[in-house]
Amino acid sequence: KPIFAARLRSPTKTFFLNLLQMELAAGELSAAAYYRLFPFLSLLRLKRQTMKKNPYTGKIVEYHILQSFPVTCLNRDDVGSPKTALIGGVPRSRVSSQCWKRRVRMDLHSLLDNNNNDAEPQFQLGIRTKHISDLVSEACKKLGATDEQAAVSGDTISQALAKDTLVFISPAECNSFAEYAKEKGFDLQIPAGKEGAKKLKSITQELVKLSKKILDKNFNVLDIALFGRMVAQAPEMEVQAAASFSHAISTHKSVPEIDYFTALDDMRKPEEQGSAHLGPIEYNSATYYRYISLDLGQLADTFGIEEESDEEMKKAVEIFTKALFVAVPTARQHSCSGASPWDYARVYVRKGQRLQVPFETPVRCDNGYLNPSIKALDSYLDKKEKMCGSLFGKIAGFEWGKNEDYSIDDLIHGIQAAI
């Protein structure tokens, strides 16, 4: 109360404080009240989070990765050419952050399938889709809805959350929305006109309330916690991302090349000469620098973790690091296979401002680009660590790739111990 009393005018203050009393007494607010007062309640939630003992606040894990690929086209632009960027006055190969993030997110599925052997899995994964209606419809059918009732319920809930946009939704939320439809007798038909718009808005408010209950209690959806989400029609369902990805760039000058390929007809007649098809494709080869940071404080806030020795946090870091290690974009993998793992990595656990290596000066070839890239990376990070002094906030640092007896599992164990 003292925090907000000075910020609110008298009528609003009285109303708001009365609602807070209701929240304390009943443990929840009505959906309508929550919707109207969301800006104030967001401040309250933020204040509560900062007042909670979060031992991970301010801690980050930073991954500086060098990864070389031969002839590949990992990420294409609108005309099918490998993506590029102009950095330091020279063209570089580029793989967008969105491209590599999706591959990491997809690899979380196989990694969790191998780890979730218990009846109660430690983590769940969400689904990012425009087809919310299909997910909710299937959940409604499992609760006894007819095909028609399920279709109407799914369509209405989909309209309440998004209009032809992607939504990142968790299995728990999907099931909760289906339970809501069941409580309404699967009667969510929206009438035309203003009455329909009013009913749809009311449904949105109810769905927000259900989602917030899931977010505030036992939230265990790893990919949503890592990559965040935004729901345009229900901003209260927003989840801040714990992971940040830069665009991967080549550490050196890199220009796409053109490959002219031919295809022969297996049933070519004797009088037919040459190939049946001729076409060009573009490719490149590069040593990429990848930068990823993981905000442990944000991840702990989303999961509701309050203990520094929490096994959930350690497992999340393990799965995320393994996904970063195995993830490779899938573009043209059948014609330009790129199956190259990490070559070198520097990983920090630290407190302070994030630090990314710009590679503004392109490295020069010296028996390849990898070794000079390693030297440039080490030199930059070591220099900045000295110059930043106490602000660098180093808790632990790890080097992977030079000692063949130091595996990715050893790196993960080191990070887990440091956090």
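Three nonpolar residues, I258, Y260 and L278, make up a surface patch whose accessible area totals about 360 Å². The model is predicted. Of the patch members, L278 belongs to strand β9, residues 277–295. L278 counts as exposed because its relative accessibility is 57%.

**Aromatic contacts**

The structure contains 11 aromatic pairs. One of them joins Y63 and F320 in an edge-to-face arrangement, with 6.0 Å from centre to centre and 75 degrees between the planes. Y63 is in strand β1 (residues 59–72) and F320 is in helix α12 (residues 311–326), so this pair ties together parts that lie 257 residues apart in sequence. Y63 counts as buried, at 0% relative accessibility. F320 also has 0% relative accessibility and counts as buried.

The pair of F123 and F303 is tilted, because the ring centres are 5.6 Å apart and the planes stand at 35 degrees. It too links distant parts of the chain: F123 sits in the loop between α5 (97–115) and β4 (127–129), F303 sits in helix α11 (residues 296–303), and 180 residues separate them. Both F123 and F303 are buried.

Ring pairs also gather Y63, F227, F245 and F320 into a cluster.

Two arginines are placed over aromatic rings. R290 lies over the face of W100, 4.1 Å from the ring centre. R350 has its charged end over the ring of F392, at 4.3 Å from the centre of that ring.

**Salt bridges**

Side chains of opposite charge can pair when their charged atoms come close. The count here comes to 13 salt bridges. Three of them are listed below with their closest N and O distances.

| Salt bridge | N to O distance | Separation in sequence |
|---|---|---|
| E62 and R350 | 2.6 Å | 288 residues |
| E173 and R229 | 2.5 Å | 56 residues |
| K402 and D378 | 3.3 Å | 24 residues |

R350, the residue placed over F392, forms a salt bridge with E62. The two partners come from distant parts of the chain, E62 from strand β1 and R350 from strand β10 (residues 344–351). E62 is buried, with a relative accessible area of 1%, and R350 is buried as well, with 2%.

E173 and R229 meet through their side chains in another salt bridge. Here E173 is in helix α8 (residues 171–183), while R229 is in the loop between α10 (222–227) and β6 (243–245). Both partners are buried.

The salt bridge of K402 with D378 connects the loop between β11 (394–400) and α14 (408–418), where K402 lies, to helix α13 (residues 370–388), which holds D378. K402 counts as exposed because its relative accessibility is 51%, whereas D378 counts as buried at 10%. Salt bridges with shared partners join R346, D378, D382, E399 and K402 into one network.

**Cysteines**

A disulfide is a covalent bond between the sulfur atoms of two cysteines. A search of the whole structure finds 0 disulfides. For C73, the closest cysteine sulfur belongs to C336 and is 6.8 Å away, which is too far for a bond. The cut-off for a disulfide is a sulfur pair within 2.5 Å. C73 counts as buried, at 0% relative accessibility. C365, at 52% relative accessibility, counts as exposed.

Note on methods:
Residues are numbered from 1 along each chain as its sequence is written. This is a predicted model: local features need pLDDT of at least 70, side-chain atom pairs count only at pLDDT 80 or more; totals for chains, interfaces and linings use all residues. Side-chain values use heavy atoms; hydrogens and water are left out. Patches are made of residues with over 30% relative accessible area and no salt bridge: like charges are joined within 9 Å, nonpolar side chains (Val, Leu, Ile, Met, Phe, Trp, Tyr) within 5 Å. Accessible areas come from the Shrake-Rupley method with a 1.4 Å probe; for residues, only the protein chains shown count as cover. A salt bridge is a side-chain nitrogen of Lys or Arg within 4 Å of a carboxyl oxygen of Asp or Glu. Helices (H or I, at least four residues) and strands (E, at least two) are DSSP runs, numbered from the N terminus. Buried means under 20% relative accessible area, exposed over 50%, partly exposed in between (1.4 Å probe, protein chains only). Rings of Phe, Tyr and Trp (its six-membered ring) pair if their centres lie within 6.5 Å; planes under 30 degrees apart count as stacked, over 60 as edge-to-face and the rest as tilted. A charge sits over a ring if NZ of Lys or CZ of Arg is within 6 Å of the ring centre and within 35 degrees of the ring normal.
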